[in-house]
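Q: I am a first-year student, and I would like a careful look at one part of this model, the protein surface that faces the DNA.

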2 protein chains.
Amino acid sequence: MELQLQIKMNEKLFLRNPERSELGKKIILHSIQLIHKNGFESFTFKKLAEDIGTTEAGIYRYFENKHRLLIYITAWYWSWLEYRVTIHTNNIKDPVVKLKRVIRLLATTVEDDFKTSYVNENILHQIIIAEGTKAYLTKHVTEDNKDQLFKPYKDLCAKIGAIILEYNPKYKFPKSLSSTIIEMAHFQNFFMNNLPSLTDFGKDKDESKIVVFLEDLVFTSIRK
Amino acid sequence: MELQLQIKMNEKLFLRNPERSELGKKIILHSIQLIHKNGFESFTFKKLAEDIGTTEAGIYRYFENKHRLLIYITAWYWSWLEYRVTIHTNNIKDPVVKLKRVIRLLATTVEDDFKTSYVNENILHQIIIAEGTKAYLTKHVTEDNKDQLFKPYKDLCAKIGAIILEYNPKYKFPKSLSSTIIEMAHFQNFFMNNLPSLTDFGKDKDESKIVVFLEDLVFTSIRK
DNA sequence: TTTATTTAATAGTAATACTATCTTATTAAA
DNA sequence: TTTAATAAGATAGTATTACTATTAAATAAA
């Protein structure tokens, strides 16, 4: 039996569902590679089309613009991460163990989970670190949010917040602490690799130190 | 006697020093207004030139491109904030009081300090919240960093890290905690106003709650 | 006063972010 | 089975963006 992970995406994220055609899957695969290689700013549908071997207009039939494609990619990532959090915390009673696993999932490079065919999760993780916040740091967040485009991110945040409250029901800031560790798992990684003096992790670039920092931050904060 | 605050900016940030001409000052003033109004993505030198009443080429004589102008603006902000941290923590012995003041300076809208003539600090604060991270989240961070463009940010982070160590010399992550509270002071504000379910601050949009959250985060973490 | 230097205005260009149209292939209904 | 509808693909175009190059005017130095 072969299991294939299928993530149900919000219909408003695209014009045509990229999962339902070969071209669509190529768009996702190659856009992740291109954004990783050159960054989101210099990423264009023209370059993507050339990379795939199709035309610009072909891409535009799937996505309204490159920003929507970025939201699609980030939404996919957060959905996938929530799924991984679910399977890794399932059947575990102790919220301390759960939170430790969550922090590890947030802050370390993905091991080989069972993979989806057309997404390279490892490169995707790198993209989210460098480009993820650009999905919502716009003048049209509010409208995008009304279209539920950020639901996967918010769901993950809520899920982690719930585990925090499991441990200490009196803790006052479960959601803010949750969004803090989500963002910091990425920012501290970016800083460590690019602006190391903003961190205490030196040049050895060891992700496990970020895990230790985040665990310390979380468990001292929520201590009963 | 009239005091005028002058912040010495890194020469690599500009082609021609905008502080030294009327046009230069207008560029700073109006770019802050325009970026605040329409966001950094839709901000162009053409629009800025029309706004000021000069030409596009006129702007290009001062700044290489709009991203450099964003770095200039953010660098100015961090320098100014470090200056404010200095005057507000000067002559205070207790690191707890110092840290509380720092958090308040980071997380609340600026009160009327003595103002600089050509910068609207209040709007500037809003810009940093929404656009600040875009200054370094690029493929060319490393080169920009070599040019010292992010020095004001790193200096502020180091300064706050030092106060943390004053309180508890054994705390393991002074710089990471410092960059965490700097970023979170802004992110929690953005979330509160735009994606409120990522926070515990509801719809009342009260900045003082962010201060309470950050104080809790910091003081539980660094407790001896 | 002449010459150099800075500053500003004009006019371009290549690339970007799209849109519109037309053709061909596929599927669905009659 | 034929026709109709729909989708996929390729071609060509446009307005805007992000610049550069050239020329003209103003100012300062010799």
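How many residues of the surface near DNA strand D are nonpolar, how many polar and how many charged?

A: The surface near DNA strand D has three nonpolar, four polar and six charged residues. In this count Ala, Val, Leu, Ile, Met, Phe, Trp, Tyr, Cys and Pro are nonpolar, Asp, Glu, Lys and Arg are charged, and the others, with Gly among them, are polar. Please keep in mind that this is a predicted model, in which local features need pLDDT of at least 70 and side-chain atom pairs count only at pLDDT 80 or more, while totals for chains, interfaces and linings use all residues. Side-chain values rest on heavy atoms, without hydrogens or water, residues are numbered from 1 along each chain as its sequence is written, and chains are lettered from A and ligands numbered from 1 in the order in which they are written.

Around DNA strand D there are 13 residues, and those that come nearest are A:Arg16, A:Leu23, A:Arg61, B:Glu56 and B:Tyr60; a residue is near a strand if one of its heavy atoms lies within 4 Å of it. Of the strand D atoms within 4 Å of the protein, 59% belong to sugar or phosphate, and the rest belong to bases. Bases take part in two polar contacts described here, a polar contact being a pair of N or O atoms within 3.5 Å (within protein, one atom must be able to donate a hydrogen and the other to accept it, and residues adjacent in sequence count only if both atoms are side-chain atoms). A polar side-chain atom of A:Arg61 lies 2.6 Å from a base nitrogen of DNA strand D, and one of B:Glu56 lies 3.1 Å from a base nitrogen of that strand.

The surface near DNA strand C can be read in a similar way. Here 13 residues surround the strand, and the closest are A:Thr44, A:Glu56, A:Tyr60, B:Arg16 and B:Arg61. Sugar and phosphate make up 56% of the strand C atoms that come within 4 Å of the protein. By class, this surface has four nonpolar, four polar and five charged residues. Its largest share, three residues, comes from helix H3 (residues 56–60) of chain A, where helices (H or I, at least four residues) are DSSP runs numbered from the N terminus. A:Glu56 has a polar side-chain atom 3.1 Å from a base nitrogen of DNA strand C. From chain B, a polar side-chain atom of B:Arg16 lies 2.3 Å from a phosphate oxygen of strand C, and one of B:Arg61 lies 3.0 Å from a phosphate oxygen of strand C.

Notes. Helix = DSSP H or I, 4+ residues; strand = E, 2+ residues; numbered from the N terminus.
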